[in-house]
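Q: Could you show me how to read helix packing, a ligand shell and backbone torsions in a model?

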Amino acid sequence: MVEKEAVCANRECRIAQGGKCIEGQDDLAKCPHYGRELEESDDEQNEDGQHAAAFDSVQLPDALPLESGRADKVLSMLPSRMIGVIGVHDSGKTSLIAGLFDLLQLGPVSGCNFAGSSTLHGLEIICHDARVASERDEPHSERTKRGEVRFYHIDFRRDGVLQSLLIADRSGEEYEEVADLAANATGMFELRRADVITVLVDGQRLVSLSDRADVMGAIPLIIQGMVENGAFLRKPNLAIVLTKNDAVQASPRKDRVEQDFCTLADGIRDAFTDHFGEFGSFVTSASPKNTIVLRGAGLEEVLAFWLKPSTASKGLRLHHRSGRVFDDLALEETDLG
Ligand SMILES: Nc1nc2c(ncn2[C@@H]2O[C@H](COP(=O)(O)OP(=O)(O)OP(=O)(O)O)[C@@H](O)[C@H]2O)c(=O)[nH]1
Ligand SMILES: [Mg+2]
């Protein structure tokens with residue numbers, strides 16, 4: 001007689017290997033599992049053939065910085081302001097965004113309370129990098145990778161009214177390339193859609209005798225390339241921001257550097273006055289490496305300028321044409337007097 005193979009529905013039971021019933025039954029007929037095939041009901045096999053517990057789950061968004069399509073959705077949900085932050089590599093673009101988010105965690109900034117963000121995880125990551133950088137002798141924060149622009153999103157409540165801010169962050173190297181070839185600005189949607197363009201001037205490099213001339217020369221060339229490319233047809237407001245003021249204040253050349261910044265800001269305002277709405281210049285220290293200046297100094301004023309309503313022309317939204325959400329924004333030149 002051929003002996004029948006012992007089967008048991010209990011995965012843990014070793015009776016088939018000649019062991020005992022795991023339920024401790026001497027009379028196997030009384031065991032509820034013995035004689036039944038293994039069931040897959042509670043567990044499911046994943047792609048690797050391993051057993052994974054099945055459970056009802058809710059898919060949470062990753063809360064990382066947004067690509068342009070998702071940024072466009074945020075813009076359509078609440079009254080919103082889009083901010084383009086322009087500067088060469090290491091000028092402090094990402095640190096400025098991180099510094100503002102850090103400041104908001106301490107309380108209202110410029111009358112604005114933090115009211116939410118769909119990019120919270122991304123903001124936390126850059127804040128962590130900036131805090132670590134602040135505590136080092138040698139400043140270092142993660143460089144923004146080349147590639148498409150990413151947007152950080154912050155909702156504010158001011159006087160009971162909700163408003164969204166979308167701040168664009170891109171690798172500084174890409175902005176530098178506009179100085180060589182205006183066409184490099186073609187794909188920079190954040191410039192075309194921006195309500196405020198924020199140009200950063202690296203205070204630390206302005207202090208350095210070897211870098212000063214390069215800083216003074218490069219920024220107007222980048223703006224010129226963008227203007228030639230038709231990037232500012234909506235006449236956004238323009239903020240010119242000195243970053244790393246802690247390095248400037250610590251320098252014996254401090255007075256000269258402050259004068260250089262004023263000369264640069266005035267020069268940009270005069271040269272490009274037809275292409276922008278309102279001008280403002282600001283002095284900031286988003287992530288200081290000394291105690292001469294407070295962390296986040298000057299950012300409150302920058303935020304107030306960012307949120308100030310523009311008086312200049314805005315684009316008309318036309319029918320969707322190319323599949324790129326930002327391409328859909330047709331631009332209308334108006335005589336603003
Ligand atoms: N001393 C000083 N250093 C700062 C300040 N803000 C930023 N930095 C440092 O400047 C360096 C560059 O800052 P980032 O914010 O990464 O510059 P970025 O413009 O985003 O650079 P890319 O992503 O490469 O284009 C980092 O090492 C920062 O720690 C500041 O207020 N003071
Ligand atoms: Mg960066």
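A: Start with α2 and α10, in what is a predicted model. The axes of α2 and helix α10 (residues 299-307) cross at roughly 100°. Angles from 65 to 115 degrees count as roughly perpendicular. α2 and α10 are therefore roughly perpendicular to each other.

Q: Within what distance do the axes of α2 and α10 come?
A: They come within 10 Å.

Q: Which residues of α2 and α10 meet?
A: On the α2 side, look at L96, G99, L100 and L103. Their partners in α10 are L299, E300, L303 and W306.

Q: How do the residues of that contact divide by class?
A: Six are nonpolar, one is polar and one is charged in the contact of α2 with α10.

Q: At what angle do α4 and α7 cross?
A: Read the axes in the same manner. Helix α4 (residues 172-180) and helix α7 (residues 212-228) cross at roughly 75°. Their axes come within 7 Å. The angle lies in the 65 to 115 degree range, so α4 and α7 are roughly perpendicular to each other.

Q: Which residues make the contact of α4 with α7?
A: α4 supplies Y175, E176, V178 and A179. α7 supplies L221, I222, G225 and M226. By class, the contact of α4 with α7 has six nonpolar residues, one polar and one charged.

Q: Now the ligand. How many residues surround ligand 1, and which are the closest?
A: Begin with the shell, then go to atom pairs. The shell around ligand 1 has 24 residues. K93, S95, T144, G172 and D246 are the closest.

Q: Which helix gives the largest share of the shell?
A: Helix α2 (residues 93-104), with three residues.

Q: What is the shell's make-up by class?
A: Twelve residues are polar, seven are charged and five are nonpolar.

Q: Which atom pairs should I check around the oxygen atoms of ligand 1?
A: Check backbone and side chain separately. A backbone N or O atom of G92 is 3.0 Å from a ligand oxygen. For S91, a backbone N or O atom lies at 3.2 Å from an oxygen atom of ligand 1. K289 uses its side chain: an N or O atom there is 3.1 Å from a ligand oxygen. As for cover, ligand 1 taken alone exposes 660 Å², and the protein buries 97% of that.

Q: Last, torsions. Why look for positive phi values?
A: Because most residues other than glycine have a negative phi. Two lysines here are worth a look. K235 has phi near 55°. K235 sits in the loop between α7 and β8. K244 has phi near 60°. K244 belongs to the loop between β8 and α8.

Conventions
Residues numbered from 1 in each chain as written. Chains lettered and ligands numbered in written order. Predicted model: local features only at pLDDT ≥ 70, side-chain atom pairs only at ≥ 80, totals over all residues. Heavy atoms only, no water. Near = heavy atom within 4 Å. Polar contact = N/O pair within 3.5 Å; in protein donor to acceptor, adjacent residues only side chain to side chain. Areas by Shrake-Rupley, 256 points an atom, 1.4 Å probe, with all protein chains shown as cover. Helix = DSSP H or I, 4+ residues; strand = E, 2+ residues; numbered from the N terminus. Nonpolar A, V, L, I, M, F, W, Y, C, P; charged D, E, K, R; others polar. Axes fitted to C-alpha atoms, helices over the stretch in contact; angles between N-to-C directions. Parallel < 35°, antiparallel > 145°, perpendicular 65-115°, else oblique. Contact = heavy atoms within 4.5 Å.
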